[in-house]
Amino acid sequence: MQSLIKSSLDSMADQHQSLNCSFNTVQRVFAANIEQATQKLSEQSLIEYYKGAEFLAKIGQGDALSIAFLKIMPWVGEFYGDGSIQKIVDFTYQKISRTPNKGAVEPFLNSFIDVVEHTNNAQLDEYLDLIEYHLSKTTFSVHGIHDTHTSPSLIAILTNMHLLLEQLEFEGIYEWINYGLKYFQDHPERQEEYFSLSSADSKAVFQRQRKGLLFSDVEREINLFQRALWKTDFMYAPYSPNFEKLEHLHPYLEDSVIRLPDIYEPLNGIDACKRYMALVAHLIVHHQFTTKIVADNVSPQQRFFTEIFEDARVEYLAIQIYPGLKNLWLSLIPIVDEFDCDDKHQSCLRHRAIMLTRALLDKNHPYKNQIILDYVEKFKALMSAEETRTLDSLSLGLGYLIKTRSASDTLASIYFENTEVTYRDDNRSMWLFIEEFDEEDNIFEHQKRSEDDEEGIEVIPPHYYDEWDYAYESYKPDWAAVYERLHSHTNASKIEQILDKHSTLVKQLKKVLDLLKPQNKKRLRYQEEGAELDLDIALRSVIDIKNGSPQPDTRINVDFEHDSRSVSVLLLLDLSESLNEVVEQSGQTILELSQEAVSLLAWAVEQLGDNFAIAGFNSDTRKKVMYYHIKGYNEHWDDAVKARLADLKAEFSTRMGAAIRHGAHYLDLQQSDKKLMLILTDGEPADIDVHDSKILIQDTHKAVQEAQQKGMYPYCISLDKKADEYIADIFGSHYSVIDRIESLPQELPKLFLSLTK
Amino acid sequence: MSDFDINQFKIKLEPLYETQSNEVELYTAAYNAKLPVMVKGPTGCGKSRFIEHMAHKLDKPIITVSCNEDITASDLIGRFLLDTNGTRWVDGPLTLAARHGAICYLDEIVEARQDTMVVIHSLTDHRRELMLDKKGELVKAHSDFQLVISYNPGYQSLMKDLKQSTKQRFTGMDFDYANAELEASIVVKESGVDTNIATKLVKLAHATRNLVGHGLDEGASTRLLNYAGTLIALGVGVKDACNMALICPITDDAEIRTTMSGAIDAIFD
């Protein structure tokens, strides 16, 4: 039967030696591909293949379409089955070629190379629907009902299809597309930028839709894991592998920072959290057991195999302590077929390496290769010795390479499939390069350089916060970057002088504070000694006695205790440029007045013993929102804090929403019944990269709402005489406007006290 | 009162205790000199067990009072009770021990309020006497009487700390979890699991102890290890037993639980 079909196909191929098409170029491509097509396609599909190629050559768009079609469709037809080629031809003609989007036909056909790879064979319709959806939303007409303008972004999205399909589910792609449509539908250039995945927010939205578990969701677990098992405290810097596709990134540990992928999917039945554990465990045991050796006289191949022995050595040592790690690691090391790699045509370096990797760790490995077996024995012998060193791995690695070296090792075609152990690092920590090479790829370098930090302080990675866009009624993801710093300091005596200057006010405040200290009284029952007799209990005891009970309760009194205050307060200071203005009445700048007010307030709060923090903020576009810690919750009102407060500087703008979100993040961690966030500002939220003032006002309002939802009480003290125009939009009724700025030092502590009464 | 038998407070069976260093000699010396002793250490590291062990070794009765916030001075000293004929005095545990000559062990003394603790002062210095003010009697301590308190520095907070005036009446003995090997052998003896399992249980306990201050107030105690060992010896699966006896009791934090289940997987193969 099969031979029958085969022969009929052969005859058909003979019959169509030349396609019914007058482009010579097409004929040439056809001749080159027909053999493959005949092998791959069923009879039905082959007919569709012929018809399609002929049809596309005749629709007046030159030869390119048919050429792309002829090259790709054999795979597509084989993968999706009968009818699929016809469906694609119809779609191409009806939905793309007859619209203003003619130019996108070729990229569309080419996209199937990736589509076949990343979808299953029932998903063709889903893919076509996706493209149709995108087209219908982005092709538009200026006048009339017929679409007249090309979709600015179809080609962009098609060229990125491999990334989209590889990293996202269809649902995620729709989300990503919808976000782009919402913002850039009427803005062709930015639309194209968005859909070619080159703008920052496009990447941010893309990241969010990815499948898998984000590292940040398990960071604490992983952190506790390394602390529990190794008492280590390495920091993390996650990287996103997706946009740096060309350089393949590996995790590594350097300068006490662990670099790891920011997202993991389950692999071989190991969930993502466990994969992170495997990775961190491997890095830490390297740190524990590996000593650096000089790399200069060791060739890359020698290094490669040395690393395998070294990885196995440190893991062996770790397994002696934590045997369960073995199973975890083993399930992440791939098993390849021993004879899968043909060393006549391919470089089998990686194939040999992965077999060795497996064999060194797994007693029940399937490999029979004598050299591997020999070296597993040598490794065992080594590990049974009392003490082993990284240099031992070097000698094993060199020996193994010599034994297995083959001429094909240098071939360009490398057996790569399934030879990567994802949890292992690039072992940069074990080599010492005496000569300087530029090999190390430090992908984080650009972050360090990007900011002009004159003082050269070690940069803490920024926190990213969403920003609310009222016009589109949605959040712009990871929009504002907040950098936190400890505020610089100077001489603390300035603050002491301020307190001296206001000594009368301090005395007044003291009186108020004394009144405030005793709060609600709490009744303490069951007291042996107390203020009053608790009649209920006393009666019960008398009855017990009458009944002859030997142990009546003698705690028949009730006493009263002052309830303690459980308040956490964050004072958030606007440190924008406008604070440098001089207030006429007093001759001081607003900043100086703020300083005085904050000093008094801080002093007062310290007297009350409330949990209190002070922070300042300013911003220089969304890329640099600075958040300065002036006083931490655990710090007392001491010289260190005063010194920071004395050094306040005012510069840049007021991106208040991001600062409120960051402040709320820390305030939320405080454990008290009441959380108060006082915001001291002299103007409306604004920044130089935002022209619509309403955006930041609405965003701040949203940030305030978010804080309220978390149980905080944001309250604004505005020094802006014109604040009435906008402040209620942000803070509702929770604000005071201080018209006489010079009275701020008196007003602020009083206001605080009345708020917390 | 004359029919009171203090010997009922003697410990009949020898409690299992593994000596860590020279604590037995130190305690014996303190007892012979009748010096009050304060034992410090984290929860479940064997403080109470040690005192019981010593009482048995010295063949002295021991009266244990577990302190709590509501304990009052009269709960320790004693009180008048009304009965059908009028009133009757009943000695509290401290008075009993002082009168009849026993070791009085006040467990977790920081839990008691500070005004309660001061009643022990006169018994702990050269006077060795206890004034029963309500009864108008001065009890001179029996020559066998000794006062021992236990104290968990892990709780240290502003509210719960001993006053200097109290602290400075005691000699101190520091206790900590036994070293890994010894702790494993304790687990073997107490619960009947083999050394291999016991060693791994101890490793897991060390993992929890590393997290103290990072979401855990205290790590898993030797007592919990014994529970886990006992469960395993009864045939419960190792991982289930660890979860039930070691992880679940010490934390409600979901993230720490995830971490610890990762640690269990890493330690037990």
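## Interfaces and salt bridges in a predicted two-chain model

Across the interface of domain 1 of chain B and domain 2 of chain B, two salt bridges are found. The model is a predicted one.

**Inside chain B**

Chain B is assigned two domains: domain 1 covers 6-174 and domain 2 covers 180-267. Their C-alpha centres are 32 Å apart. Eleven residues of domain 1 of chain B touch nine residues of domain 2 of chain B. About 780 Å² is buried between these two domains, and carbon and sulfur atoms supply 50% of that area. On the side of domain 1 of chain B, Leu16(B), Glu18(B) and Gly44(B) lose the most area to domain 2 of chain B; together they give 60% of what that side buries.

Glu18(B) also takes part in a salt bridge. Its side chain meets that of Lys189(B), with N to O at 2.1 Å. Four residue pairs are in polar contact across this domain interface, both residues being at pLDDT 80 or more. How do the residues of domain 1 of chain B that touch domain 2 of chain B divide into nonpolar, polar and charged? Three are nonpolar, six polar and two charged.

**Between the chains**

The contact between the chains involves 29 residues from chain B and 26 residues from chain A. Chain B and chain A bury about 2400 Å² between them. Carbon and sulfur atoms carry 57% of that area. Three salt bridges cross the interface of chain B and chain A. In a salt bridge between Glu255(B) and Arg220(A), the N to O distance is 2.6 Å. Eleven residue pairs make polar contacts across the chain interface, both residues at pLDDT 80 or more.

Which elements of chain B give two or more residues to the side that touches chain A? They are β3 (78-83), α9 (195-210) and α12 (254-267). Helix α12(B) gives the most, with nine residues. The side of chain B that touches chain A divides into nine nonpolar, nine polar and eleven charged residues.

The two interfaces are set out below.

| Interface | Buried area | Share on carbon and sulfur | Salt bridges | Residue pairs in polar contact |
|---|---|---|---|---|
| Domain 1 of chain B and domain 2 of chain B | about 780 Å² | 50% | two salt bridges | four pairs |
| Chain B and chain A | about 2400 Å² | 57% | three salt bridges | eleven pairs |

**Chain A**

Chain A is assigned domain 1 (2-209), domain 2 (213-432), domain 3 (520-563) and domain 4 (566-756). The C-alpha centres of domain 1 of chain A and domain 2 of chain A are separated by 40 Å.

Confidence is given by pLDDT. Chain A averages 82, and 90% of the residues score at least 70. Where does pLDDT stay under 50 in chain A? It does so over residues 445-458. For that stretch, the model has nine contacts beyond four places in sequence.

Over all chains, the salt bridge count comes to 39. Within chain A, Lys642(A) pairs with Glu496(A), and their closest N and O atoms are 2.6 Å apart. This pair links distant parts of the chain, 146 residues apart. Lys642(A) is in helix α25 (residues 639-646) of chain A, while Glu496(A) is in helix α21 (residues 493-501) of chain A.

Key: Residues are numbered from 1 along each chain as its sequence is written. Chains are lettered from A and ligands numbered from 1 in the order in which they are written. Side-chain values use heavy atoms; hydrogens and water are left out. Domain bounds come from an automatic or database domain assignment. pLDDT is the predictor's confidence in each residue, from 0 to 100. Contact means heavy atoms within 4.5 Å. Buried area is the accessible area (1.4 Å probe) that two parts lose on being put together, summed over both. A polar contact is a pair of N or O atoms within 3.5 Å; within protein, one must be able to donate a hydrogen and the other to accept it, and residues adjacent in sequence count only if both atoms are side-chain atoms. Ala, Val, Leu, Ile, Met, Phe, Trp, Tyr, Cys and Pro count as nonpolar, Asp, Glu, Lys and Arg as charged, and the others, Gly among them, as polar. Helices (H or I, at least four residues) and strands (E, at least two) are DSSP runs, numbered from the N terminus.
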